[in-house]
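Reader: I should be grateful for a close look at a single part of this structure, namely a place where two helices pack against each other. Please set that part in the context of the whole chain as well.

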Amino acid sequence: MTVTAGFSRVSITPSAPGLPLGGWPTQRISTGVEADIDCRAIAISDGTDQVVVIVFDLLGLSSATVSRIQGGVSEASGVATNRIHVASTHTHTAPQVPPFITADGSTGEPAYIDTLLASASEAAVGALAAQLPVHLGVGEGSCDLGVNRRLPGPDGLVAKPPHANFDGPVDRRVKVARFDTEDGSPRGVVVSYGCHPTTAGESTLIGPDYVGVVRDLIEEEFPGSVAVFLLGYCGDVRSCHVTESGRFDWTFDPDRVRGAGEKVGRVAVRAALEISTAPHARLATGQSVTPIESTSGADLGVARVSFVGVGPWRLLLTPAELFSEVGQRIEGEIGDVMPATLTDGYLGYVAPEHAYDEGGYEVEESHIYFGFDSPVHRGSADRLVQAAVAASRGET
Ligand SMILES: [Zn+2]
């Protein structure tokens, strides 16, 4: 049979202001809404295997919260828990959720976190009910919104606070997959790009950051479709908005958010328009788990790396903020994939070994804000690369 796919979206915008926001060291409280945040689901099946990918406009979700969501969605939908993937877009203007902790110890509002379970089930059931035979194809463009944020000084150490490193590694690819009905009308567009959604800076207004603009542009171009954004390799990459000294500019400017989204969105739309789609018969899946420890040896749980493939669409789901070089290493081993980082848990920044010697926020400080006793161990990148190889080979 032909592979079937369905898409849906459910709002997760809080009903009132006053919620703690995630993503910055100091606590911010929401004062309103700039744009809706939501939870979007893709359901895809070949008649034998069924996969659901749920993407939240949130900073990220802990493994424990992901397990709760998988359990609830499985109960509501009948889909096996290991075929339910839970990703985040990493917007820094959404309510605070575990594992993230701010300087005052806040881990978020439990009542809001509970609502996410119902939203995930509603989105998954909606996507499953919308499944139809699809033709799909993939495309790619290039965008320079992102810039490496680790600038080494004369001593070889990375500057703090972060400065733009225009010569540093960055993945400029905008990867796109388009799903059409058999009569050629687009039902879903999946886009992956690697740049921190931090363009709203110090805003206290809820929103999906540039990601929302990207999705809106795609849905305007393809009426009746649902656009899903997945985060690429951007542990060391943020948007290129800098002051004259090369420091990043954190001030909130809604026009900047809009401009950033248009930059990525226009590339995504162009790539999506150029795609030719075809039917495919088989869904390929693979999964591999690897233990991850902190630098001090504490057990941080397991990283689950999953692969989902349909024809030319090869999706790789990983639970960390991967540096762009780690992404390159993975694709050097397994070939071109569409990355979905911050999926199925949160394990902090996974960096190449040399980054530990250079220091900087990601490998020295960030762990404080997600409750680890120290950064992830320097061998973690190797383990994730190996897990990606195993998952792409269809191991389970
Ligand atoms: Zn991040």
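Author: The following account treats one helix pair and then turns to the domains. The model is a predicted one.

The pair consists of helix α3, residues 210-221, and helix α4, residues 254-274. Their axes come within 7 Å and cross at roughly 40 degrees. Because of this angle, α3 counts as oblique to α4. In handedness, the crossing of α3 past α4 is right-handed. On the side of α3, the contact is made by Y210, G212, V213, V214, L217, I218 and E221. The partners supplied by α4 are V257, R258, A260, G261, E262, V264, G265, R266, A268, V269 and A272. Sorted by class, the contact of α3 with α4 contains eleven nonpolar, three polar and four charged residues.

As for the context, the domain assignment divides the chain into domain 1 (4-129), domain 2 (133-279) and domain 3 (283-392). Between the centres of domain 1 and domain 3, taken over C-alpha atoms, the separation is 20 Å. Domain 1 gives 20 residues to the contact between these two, and domain 3 gives 17 residues. On the side of domain 1 that touches domain 3, the elements giving two or more residues are β5 (38-45), α1 (63-77) and β7 (84-88). The largest share of that side, four residues, is provided by β7. By class, the side of domain 1 that touches domain 3 comprises ten nonpolar, eight polar and two charged residues.

Methods. Residues are numbered from 1 along each chain as its sequence is written. This is a predicted model: local features need pLDDT of at least 70, side-chain atom pairs count only at pLDDT 80 or more; totals for chains, interfaces and linings use all residues. Axes are lines fitted to C-alpha atoms, for helices over the stretch in contact, and angles run from 0 to 180 degrees between N-to-C directions. Angles under 35 degrees count as roughly parallel, over 145 as roughly antiparallel, 65 to 115 as roughly perpendicular and the rest as oblique. A crossing is left-handed if the near helix is turned anticlockwise from the far one by less than a right angle, and right-handed if clockwise. Two residues are in contact if their C-beta atoms, placed from the backbone, lie within 7 Å. Ala, Val, Leu, Ile, Met, Phe, Trp, Tyr, Cys and Pro count as nonpolar, Asp, Glu, Lys and Arg as charged, and the others, Gly among them, as polar. Domain bounds come from an automatic or database domain assignment.
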